[in-house]
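Q: Could you walk me through the reasoning behind the labels on this model, one at a time?
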Amino acid sequence: MALTIGIVGTGTMGRGIAQIFAASGNSVILHDARTGAASEAKEFVDGMFSRAAEKGRMTSAEAEAAAGRISTARNLADFSGCDLVIEAIVENLKVKQDLFSALEEIVRADAILATNTSSLSVTEIAASCSNPERVAGYHFFNPVPLMKVVEVIPGARTAPEVAERLGALAREAGHMAVTATDSPGFLVNHAGRGFVTEALQLLREQVAAPAEIDRILREAAGFRMGPFELLDLTGLDVSGPVMQQVYSQFYHEPRFRPSPLIDQRLAAGLLGRKTGEGFYSYSGGTKVEPEERGHAAVDAGSVWISNARPERAAVLHEALIAAGVSVESGAEPSPEAVILVTPVGADATAAATAEGLDASRVVAVDTLFPLSGRRTLMTTPATGKAIAERAAAALSADGNKVTVIADSTGFVAQRVVATIVNIACDIAQAGIATPGDIDLAVTLGLGYPKGPLAWGDEIGPDVVLEILDGIYALGGDPRYRPSPWLRRRADLHMSLCAG
Ligand code: NAI
């Protein structure tokens with residue numbers, strides 16, 4: 001049934017929200033504190049409908065009708081007939097509370113009040129209302145018409161039917177609605193913490209350079225954008241304070257501890273695209289991709305593969321044989337051989353010492369991610385340069401790209417993905433959302449190649465656990481302690497998606 005929806009705040013988000021709800025047949029009334037802003041927003045959305053008609057995504061009649069359903073309000077009193085008012089104003093608790101108190105005096109007793117806040121507590125916003133039962137979070141993503149997911153967030157006192165009605169309305173507009181509890185970062189921004197935090201940790205440990213970490217995560221793990229590209233796009237002046245805020249909202253939970261690298265870079269003005277320099281340089285707004293570290297055109301010679309992890313060794317063996325690399329078959333490496341190890345949950349040093357191998361000839365290969373993408377090789381601090389070059393030659397013999405990183409339990413991709421899976425497990429454990437909603441919201445809201453829980457299942461909950469246990473054992477940083485959700489399901493050989 002078509003509703004009358006008021007939208008307060010007609011900036012980036014308010015416009016997008018107006019567009020989807022007018023398109024799905026609702027009447028939309030726009031209001032903004034800045035004179036003229038609501039009319040500008042209406043013009044903008046009307047323009048979007050005209051363009052959609054030109055591109056054949058709607059008929060001209062539909063575009064005209066949708067535009068005709070949007071009107072502007074001179075003041076809040078014009079919202080008296082609204083079934084729902086969605087707030088998308090400045091992100092400030094007091095200002096939002098004042099608005100909700102004012103709206104309560106105007107709208108009908110059965111009208112719903114929704115906030116698009118991304119970082120404030122819905123419960124706190126609702127606390128200013130005499131009827132907090134009708135207040136809920138309705139968290140859309142930018143750009144709203146393209147990001148087809150919304151988090152519905154009941155506050156502590158929100159009536160269940162309010163969340164249900166908001167969910168149904170979003171679905172009618174073609175958006176997937178997921179329900180998340182009112183907790184810091186809700187679902188998507190909470191689940192998205194691991195990607196960047198872990199990449200910064202890798203950088204801090206000098207495992208690899210930003211561009212190398214980005215390449216591995218794009219080309220080996222399948223992310224659309226690397227974490228450092230993402231940081232540069234968002235701007236450190238925006239993402240830095242968000243990292244701080246989430247960390248303090250979670251009472252200094254080590255998983256979300258921001259990197260000291262951020263403050264330094266902020267102070268230096270290395271904000272990203274907007275300042276022309278961040279983790280990358282920008283020329284005329286275009287990212288300058290640092291050249292890949294070249295690998296000398298050396299002869300790979302013979303390689304020997306450790307059989308400590310037979311299933312992983314087999315994957316590597318097959319790829320190298322197919323590439324025509326000379327793979328030794330003896331039980332021990334010959335004195336000339338490059339020694340390849342395929343650890344999971346251990347670094348190159350640990351793999352070498354566990355087997356009593358000559359660390360100066362050891363190179364580890366990440367076999368957990370498809371060897372058809374970019375391949376990650378890891379050296380020990382003792383590995384000779386010439387050995388690393390020969391290993392790179394062997395692994396690139398079939399034309400695959402190779403990145404050589406320094407010792408890191410879990411390489412790059414294993415660490416980042418295990419961190420993401422672990423945080424998603426914590427979200428499931430805390431009942432912030434159902435496993436199905438977690439995976440749905442993360443794929444739609446963050447554009448990750450897979451839902452984190454399904455990804456964990458694919459890698460194997462026991463393998464994810466092994467990676468985290470390994471990192472935790474090496475450095476003792478509690479950020480890597482495995483989630484109880486993960487450990488129990490790994491122990492019971494159950495799916496991470498099992499509630
Ligand atoms: P924006 O700055 O583009 O638009 C905010 C609009 O609200 C402005 O037009 C401003 O004039 C108006 N405004 C400010 N105070 C007002 C008041 N008291 N009464 C009426 N209008 C008022 O901001 P944006 O990006 O659209 O964000 C709005 C809300 O959505 C914030 O709570 C933000 O945290 C949230 N959000 C933003 C996302 C984004 O990517 N930009 C994503 C998801 C949520």
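A: Sure. Keep in mind that this is a predicted model. Let's begin with the ligand: one of its oxygen atoms sits 3.0 Å from a polar backbone atom of Thr12.

Q: What makes the pair at Thr12 a polar contact?
A: The cut-off is 3.5 Å between N or O atoms. The Thr12 pair is 3.0 Å apart, so the pair counts as a polar contact.

Q: How do you know that Ala33 and Lys96 make polar contacts with the ligand too?
A: Apply the limit of 3.5 Å again. A backbone N or O atom of Ala33 is 3.1 Å from a ligand nitrogen, and a polar side-chain atom of Lys96 is 2.7 Å from a ligand oxygen. Both pairs therefore pass.

Q: How much of the ligand does the protein bury?
A: On its own the ligand exposes 830 Å², and the protein buries 71% of that.

Q: Which elements give two or more residues to the shell around the ligand?
A: Helix H1 (12-23) and helix H4 (93-106) do.

Q: How many residues surround the ligand, and which are the closest?
A: The count is 20, and the closest are Met13, Asp32, Glu91, Lys96 and Ser118. Sorted by class, the shell has eight nonpolar, eight polar and four charged residues.

Q: Why is Ala268 called exposed?
A: Exposed means a relative accessible area over 50%. Ala268 has 53%, so Ala268 makes the cut. As for its place in the chain, Ala268 lies in the loop between helix H12 (260-267) and strand S9 (281-283). Its C-alpha atom is 36 Å from that of Gly384, 116 residues away along the chain.

Q: What share of the chain counts as buried?
A: Buried residues are 55% of the 499 in the protein chain, where the label calls for under 20% relative accessible area.

Q: What does the chain expose, and which atoms supply 54% of that area?
A: About 20600 Å² is exposed, with carbon and sulfur atoms supplying the 54%.

Q: Where does UniProt put the "3-hydroxyacyl-CoA dehydrogenase C-terminal" domain?
A: An unreviewed UniProt entry lists residues 185-282 and 410-491 under that name. In the model, residues 185-282 are 57% helix and 2% strand, while residues 410-491 are 73% helix and 0% strand. The end C-alpha atoms are 30 Å apart for 185-282 and 20 Å apart for 410-491.

Q: And how many helices and strands does the protein chain have?
A: There are 20 helices and 16 strands, and the C-alpha trace spans about 85 × 50 × 45 Å along its principal axes.

Key:
Residues numbered from 1 in each chain as written. Predicted model: local features only at pLDDT ≥ 70, side-chain atom pairs only at ≥ 80, totals over all residues. Heavy atoms only, no water. Near = heavy atom within 4 Å. Polar contact = N/O pair within 3.5 Å; in protein donor to acceptor, adjacent residues only side chain to side chain. Areas by Shrake-Rupley, 256 points an atom, 1.4 Å probe, with all protein chains shown as cover. Helix = DSSP H or I, 4+ residues; strand = E, 2+ residues; numbered from the N terminus. Nonpolar A, V, L, I, M, F, W, Y, C, P; charged D, E, K, R; others polar. Buried < 20%, exposed > 50% of the residue type's maximum accessible area, 1.4 Å probe, protein only. UniProt positions renumbered as here; feature names shortened; annotations may be inferred.
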